[in-house]
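Reader: I have a protein model open on my screen and I am new to this. Could you walk me through how some of its labels are earned?

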Amino acid sequence: MLDGYHCGQIYKLTGTDTRLIIDTIHIQSRMAQCFMFTENIDKEVTITLPVHRLESVKQTKLSKCDRELALKFYRDALNVTTHNLKSASFRSLFREQQLRCLLRQEVATALQSRNFNRPTINIGSANLEVDMDLFGLQPPTKMARNFCYKEKNLMEMDKLLGREWDIATVDSVTTFVTAFRVMLSANFMLKVRVKTARFPGILKGQTYRDTLSEHIRRSPQQFASDDEEE
């Protein structure tokens with residue numbers, strides 16, 4: 001699995017009606033090796049492409065033979081993953097992609113929500129081997145960290161969450177993340193809290209945060225709580 005993509009599942013190539021079934025996913029390169037799917041799985045045609053080029057499709061009916069083949073893809077991938085988890089470097093990559101999937105899902109929910117100050121959510125047990133360095137936490141003295149405009153460090157999450165992870169535009173209005181807080185509980189559970197706001201316009205390109213910084217600067221009271229401790 002990578003960012004919600006699974007081996008043995010059928011996806012559509014972005015911008016086309018071409019359907020592909022994932023055989024193998026390479027976590028480090030974020031590439032997927034796929035077979036063509038028309039009415040059946042065509043193993044004679046292999047396509048390798050970045051996973052972000054794939055889109056979800058409605059459940060596709062498979063023949064018994066193709067269902068068994070899709071299940072084999074999934075099981076083979078699971079066996080390879082289980083074996084690779086013996087490697088420290090792979091465990092780190094695997095944990096990062098787990099967090100990316102969980103956190104992007106929470107951010108996407110926050111960007112769609114009318115509640116701009118969402119409650120803290122628990123995303124499970126922390127992986128002390130990876131999470132501390134990833135978020136800059138140092139127990140027991142530094143159990144939480146805010147990524148926000150006031151601290152000018154929101155971009156530190158780009159490497160993990162991808163470009164433009166913190167904005168979404170609907171009907172010429174942009175909802176954006178004002179603060180992303182990561183917390184470690186006393187029993188080492190990892191928690192996050194996402195705060196959002198709206199900007200009256202469409203934002204694109206690499207300078208969108210400069211525009212939002214100026215927007216926040218002009219309304220300091222509205223965003224005063226973004227760096228407050230809980």
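Reader: What makes the pair Arg209 and Asp166 a salt bridge?

Author: In this predicted model, the side chains of Arg209 and Asp166 come to 3.0 Å, N to O. The cut-off for a salt bridge is 4 Å between a side-chain nitrogen of Lys or Arg and a carboxyl oxygen of Asp or Glu, so 3.0 Å for this pair qualifies.

Reader: Where do Arg209 and Asp166 sit in the chain?

Author: Arg209 is in helix H5, while Asp166 is in the loop between H4 and S8. They are 43 residues apart, and the pair links distant parts of the chain.

Reader: Why is Asp166 called buried?

Author: Its relative accessibility is 0%. Buried means under 20%, so Asp166 earns the word. Arg209 has a value of 13%, which is also under 20%, so Arg209 is buried too.

Reader: What does Asp166 touch?

Author: Leaving out residues up to four places away in sequence, Asp166 touches several residues, including Leu111, Tyr149, Phe176 and Tyr208.

Reader: How do you know that Asp166 and Tyr208 make a polar contact?

Author: Their side chains come to 2.5 Å. The limit for a polar contact is 3.5 Å between N or O atoms, so the distance for Asp166 and Tyr208 fits within it.

Reader: Which other residue forms a salt bridge with Arg209?

Author: That is Asp158, with the closest N and O atoms 2.8 Å apart. This pair links distant parts of the chain as well: Asp158 is in helix H4 and Arg209 in helix H5, 51 residues apart. Asp158, Asp166 and Arg209 are therefore linked in a network, as each bridge falls within 4 Å. In total, the structure holds 11 salt bridges.

Reader: Why is Asp158 called partly exposed?

Author: Its relative accessible area is 25%. Partly exposed lies between the 20% and 50% limits, so 25% puts Asp158 in that class.

Reader: What makes the buried residues of H5 lie on the same side?

Author: The buried residues are Tyr208, Arg209, Leu212, His215 and Ile216. They cover an arc of only 115° around the axis, which puts them on the same side of H5. Helix H4 and strands S8, S9 and S10 are among what covers them. On the other side of H5, Asp210 and Arg217 are exposed.

Reader: How do you know that Arg217 is exposed?

Author: Arg217 has a relative accessible area of 56%. Exposed means over 50%, so Arg217 passes. Arg217 also forms a salt bridge with Glu214, where the closest N and O atoms are 2.5 Å apart. Both residues lie in helix H5, 3 residues apart, about one turn of the helix. Glu214 has a value of 28%, so it counts as partly exposed.

Reader: Why do S8 and S9 count as paired strands?

Author: There are 4 bridges joining S8 to S9, which run antiparallel. At least two bridges are needed, so S8 and S9 pair. As an example, Val170 has Val173 in S9 as its bridge partner.

Reader: What happens at Asp171, in the loop between S8 and S9?

Author: The hairpin has 2 residues between the strands, and Asp171 takes a positive phi near 55° there. At 73% relative accessibility, Asp171 is over the 50% limit, so it counts as exposed.

Key: Residues numbered from 1 in each chain as written. Predicted model: local features only at pLDDT ≥ 70, side-chain atom pairs only at ≥ 80, totals over all residues. Heavy atoms only, no water. Buried < 20%, exposed > 50% of the residue type's maximum accessible area, 1.4 Å probe, protein only. Arc of directions from axis to C-beta. Contact = heavy atoms within 4.5 Å. Polar contact = N/O pair within 3.5 Å; in protein donor to acceptor, adjacent residues only side chain to side chain.
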